[in-house]
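Subject: Handover of a structure

Dear colleague,

I am passing the structure below to you. Please look through it first; my notes on what was found follow underneath.

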Amino acid sequence: MTNSNQGTRVHALDAIRAFALLSGIALHSALSYAPGVDIKLWPLKDAQQGIAMSLTIFLIHIFRMPLFFLLAGFFAHALFQRQGTRQFLRNRAMRILLPLVIGWMVCFVCIAGVVMWHLTKLNGGEIPQSIPPDLVNTGLNFLHLWFLYVLCWLYIGALLLRSAACAIGHEKVLLQLVDRVVRFISSPFKSLLLAVPISTAFLLMPAWAWWFGIPTPAYTLIPLGVPLLIYGYFFGLGWVLSRQQTLLEHLGISWLMRMLIGLSAAAACLMMAGLEASVATVDDLPTKLAYAVLYAIAMVSLMFGFIGLGIRFLTKASPIIRYLSDSSYWMYIAHLPIVMALQAWLMPFELHWAIKFVIVTVGASVMLLVMYRYWVRSGWIGWLLNGKRY
């Protein structure tokens, strides 16, 4: 998902987008070793578990996808300005829709194979006659590739909204109004106002599993309203932020303050919901309101904090970072079967959960990088994902 612009800011944002994708490998690796994560959420539960794994999941989950969708909106606007509507849609169909279809088919078969291998090992080496009910998913499941499906919705939505604004005839007035709102980003404290729509969306959810924040919209053909609204909100912020790229300098200056605000709000959320992962819902309205506000503040602050961190320290082109940025799209699409296979392989060994977590995360990353170097980068998959062969 490398952007073709060569400006220093794009180098930084491309690196941060790669970080958002690659942190997903660590998150999925941690699920096997996190107490409170049930078998419905993750089928490979190891006996070795540590609360640090739950904290890892919680912190990564807060900022990772909001950060990704904001940057996706940023780069989408830049692409649209360069190529126009027709070429934009063609590009997105090749780089997003086609990898979703092909990646889902391959990953589904591989993940099913890993789970059956795991169940066969548990059954003394014989293929089980029936699958445990908790592992049977009778509905739609986009797996970890749901973000590509949501992006397809957001691209169409952005183009329709732009067409509607042009049809009304007040496009410049609307853009000026939006630009004023986006300028809140320049201040680490004023930008907290951008958390208001997010916390409101959380309050609209009747049964909110608060510990996990934004529900994963992976199980329905039409994405759930609240996740689509929140991710669309971040996507839209990125789209309009691309019009005012000078604001990125403010993020680079105030990155540390934003990170401190975000981590403080996240810590307060953990004190309310508990350190251990949980799918319990919150019913008390004052508690729900307080948590929704704090969680939204943590999301916004950490998201802008990481972008500012990139602007501050990653503006220079680096061959290593560029290579990781190029490979990150492939690595995320292909990582889940490998992560699960490593978790299943390590499960019988009496190793500390931290050692297993490192082996799974690093081992999967190294395998994916080797595959990218010798198989993907110069082949048709590299052309499909990166837009060109190297």
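I begin with tyrosine 323, which sits in helix α10. Please keep in mind throughout that this is a predicted model.

Tyrosine 323

Is this residue, tyrosine 323, buried, exposed or partly exposed? Its relative accessible area is 24%. Tyrosine 323 is therefore partly exposed, as buried would require a value under 20% and exposed a value over 50%. When neighbours within four places in sequence are set aside, tyrosine 323 is in contact with Leu369, Tyr372, Arg373 and Arg377. One of these partners, arginine 373, is 50 residues away from tyrosine 323 along the chain, yet the C-alpha atoms of the two are separated by 9.8 Å.

The largest cavity

Helix α10 also has a part in the next feature. The whole structure was searched for cavities of 30 Å³ or more, and 2 were found. The largest cavity holds about 70 Å³ of space. Two helices, α1 (8-31) and α10 (319-346), each contribute at least two residues to the lining of this cavity. The residues that line it are His11, Asp14, Ala15, Leu314, Lys316, Ala317, Ser318, Ile321, Arg322 and Ser325. Sorted by class, this lining consists of 4 nonpolar, 3 polar and 3 charged residues.

Histidine 118

Histidine 118 belongs to helix α2, which covers residues 51-122. The relative accessibility of histidine 118 is 7%, so this residue counts as buried. Which residues does histidine 118 contact, leaving aside its neighbours within four places in sequence? They are Pro43, Leu44, Ala344 and Met347.

The second largest pocket

Helix α2 appears again in the lining of the second largest pocket, where α2, α3 (146-168), α4 (171-182) and α6 (225-241) each supply at least two residues. The largest share of that lining comes from α6, with 9 residues. The volume of the second largest pocket is about 860 Å³. In total, 26 residues line this pocket, and those nearest its centre are Leu161, Val178, Gly236, Trp239 and Val240. By class, the lining of the second largest pocket comprises 18 nonpolar, 5 polar and 3 charged residues.

With kind regards

Conventions: Residues are numbered from 1 along each chain as its sequence is written. This is a predicted model: local features need pLDDT of at least 70, side-chain atom pairs count only at pLDDT 80 or more; totals for chains, interfaces and linings use all residues. Side-chain values use heavy atoms; hydrogens and water are left out. Helices (H or I, at least four residues) and strands (E, at least two) are DSSP runs, numbered from the N terminus. Buried means under 20% relative accessible area, exposed over 50%, partly exposed in between (1.4 Å probe, protein chains only). Contact means heavy atoms within 4.5 Å. On a 1 Å grid over the protein atoms alone, a cavity is a set of points where a 1.4 Å probe fits but cannot get out, and a pocket is an open set with protein on both sides within 12 Å along at least five of seven lines; lining residues have an atom within 4 Å of a point. Grid points are joined across faces, edges and corners, and a volume is the space filled by probe spheres set on the points. Ala, Val, Leu, Ile, Met, Phe, Trp, Tyr, Cys and Pro count as nonpolar, Asp, Glu, Lys and Arg as charged, and the others, Gly among them, as polar.
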